[in-house]
Amino acid sequence: MQTQTLKHTDEIQGYDGMSNRALKGFQTLIFKVSGITMSDAKKSLIAGRLTKRLRALNLNSYDEYLHYLTKGEGTHSGEVENFTNLLTTNETYFYREPQHFAFLKKEILYKHNSDQAIRIWSAASSSGEEAYTLAMVLAEEFGANANWMVMGTDISTSMIKAAQQAIYSEQRVRMVPDDIRYKYLLKGTGEYNGYVSVVPEIKKHVHFEHYNLVESTLKTELFDVIFCRNVLIYFNQQTKKKVMERLCRQLKQGSYLMTGHSESLHGMLPELKSVSPSVYLKANQTNGLIS
Ligand SMILES: C[S@@+](CC[C@H](N)C(=O)[O-])C[C@H]1O[C@@H](n2cnc3c(N)ncnc32)[C@H](O)[C@@H]1O
């Protein structure tokens, strides 16, 4: 009896109704499509986030959903996109980790020749708050009609749609200084009471698109600054290094990369020199030494 139970451990449903086999299948799939590592401790979170798909598809168990995703109709119906959208964590807000915006202003924009275009990439932009914050900082420095642009990218297609809409709850804009808010955010009325929208003068400089940091084709253009914040924490060491190498190739020499404050790179890439907490400069390498 005991042996039989052990033999079938994979079939046993956890308290949240998900078998260990389904859990392993979801962990493998999310890693394969996004590089995100989700530990066993995330079981109930995974279960909670995927329940709505079971309901929508009229499926009775997570095993059925896994089958649908990996072997059934879901393989060609776009279900992997829904799955990915649900399992990414998209928490963000305007002016998050404000030291980076202060550094950008003082150490980068102030020294930049305003006759030259400047391109900034928000490389895991979620619903767009980081990209629009960058745009507001650029508009303050160079004016809304100058030659600058911000590209926001994310693996989540639902977040890209939200970013393009540019409508936010008051809670998401709580850190925006009053003068900036007054200039660049419009207060909603009627059904949009409690929401704000980004003004067109800012929106026109910001472009959003789907991009997978792990495997999308590298961009042909190079960037002056890349923000890649609060996404590396979801990757293992190997994936983190791969993503950093890919981003580094898209940075101009002498340009900067910002990571989240809890995402130190600890000498991961020799060409990225730490210049301030979670700020890295792409420096020239001469005979293995960084200049
Ligand atoms: C917590 S949000 C960070 C948002 C913003 N950068 C910030 O710091 O506030 C992490 C974002 O990374 C995105 N993400 C996760 N894996 C990704 C991948 N492989 N490629 C692109 N984006 C990814 C998620 O969809 C999510 O929107």
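**Sheets and helix packing in the predicted model**

Strands β1 (residues 118-122) and β2 (residues 148-154) pair in the parallel sense, and five bridges connect them. Within this pair, I120 lies opposite V150 of β2. The model described here is predicted. Strands of a sheet pair through backbone hydrogen bonds, in either a parallel or an antiparallel arrangement.

The β1-β2 pair belongs to an open sheet of seven strands, ordered β6-β2-β1-β7-β8-β10-β9, in which the pairing is mixed. The edges are occupied by β6 (206-210) and β9 (272-276); each has a single partner strand, so one side of each is left without a neighbour in the sheet. From one strand to the next, the twist averages 20°. Helix α8 (residues 157-165) packs on this sheet, where α8 touches β2 and β6. The direction of α8 makes about 165° with that of β6.

A further open sheet consists of three strands in the order β3-β5-β4, with antiparallel pairing. Here β3 (167-169) and β4 (185-187) are the edge strands, each pairing on one side only. The twist in this three-stranded sheet averages 35° from one strand to the next. Three bridges join β3 to β5 (residues 195-198) in the antiparallel sense, and I167 stands opposite S197 in β5.

In the protein chain as a whole there are eleven helices and twelve strands. The C-alpha trace spans about 75 × 60 × 30 Å along its principal axes. The chain has 291 residues, of which 31% count as buried. Of the contacts between residues at least 6 apart in sequence, 69% join residues at least 24 apart.

Helix α6 (residues 99-109) has a buried side, formed by H100, F101, L104 and L109. These residues lie on the same side of α6 because they cover an arc of only 100° around the axis. An α-helix has 3.6 residues a turn, so residues three or four places apart point the same way. On the face of α6 turned away from the buried side are the exposed residues A102 and K106. The elements covering the buried residues of α6 include helix α7 (129-142) together with strands β7 (223-228), β8 (251-259) and β10 (279-282). Strands β7, β8 and β10 are also members of the seven-stranded sheet.

Helix α5 (residues 79-87) packs against α3 and α2. The axes of α5 and α3 (residues 43-56) come within 9 Å and cross at roughly 140°, which makes α3 oblique to α5. The angle is assigned to the oblique class because the roughly antiparallel class is reserved for angles over 145 degrees. The crossing of α3 and α5 is right-handed. On the α3 side the contact involves I46, R49, L50 and R53, which meet N82, L86 and L87 of α5.

Helix α2 (residues 20-34) packs on α5 at an angle of about 95°, and the two axes are 11 Å apart. This angle makes α2 roughly perpendicular to α5. The contact is made by L29, I30, V33 and S34 from α2 and by V80, F83, T84 and L87 from α5. L87 of α5 is thus listed in the contact with α2 and in the contact with α3.

Key:
Residues numbered from 1 in each chain as written. Predicted model: local features only at pLDDT ≥ 70, side-chain atom pairs only at ≥ 80, totals over all residues. Buried ≥ 20, exposed ≤ 12 C-beta atoms within 10 Å, placed from the backbone. Helix = DSSP H or I, 4+ residues; strand = E, 2+ residues; numbered from the N terminus. Arc of directions from axis to C-beta. Contact = placed C-beta atoms within 7 Å. Pairing = 2+ DSSP bridges. Axes fitted to C-alpha atoms, helices over the stretch in contact; angles between N-to-C directions. Parallel < 35°, antiparallel > 145°, perpendicular 65-115°, else oblique. Left-handed = near helix turned anticlockwise from the far one by under 90°.
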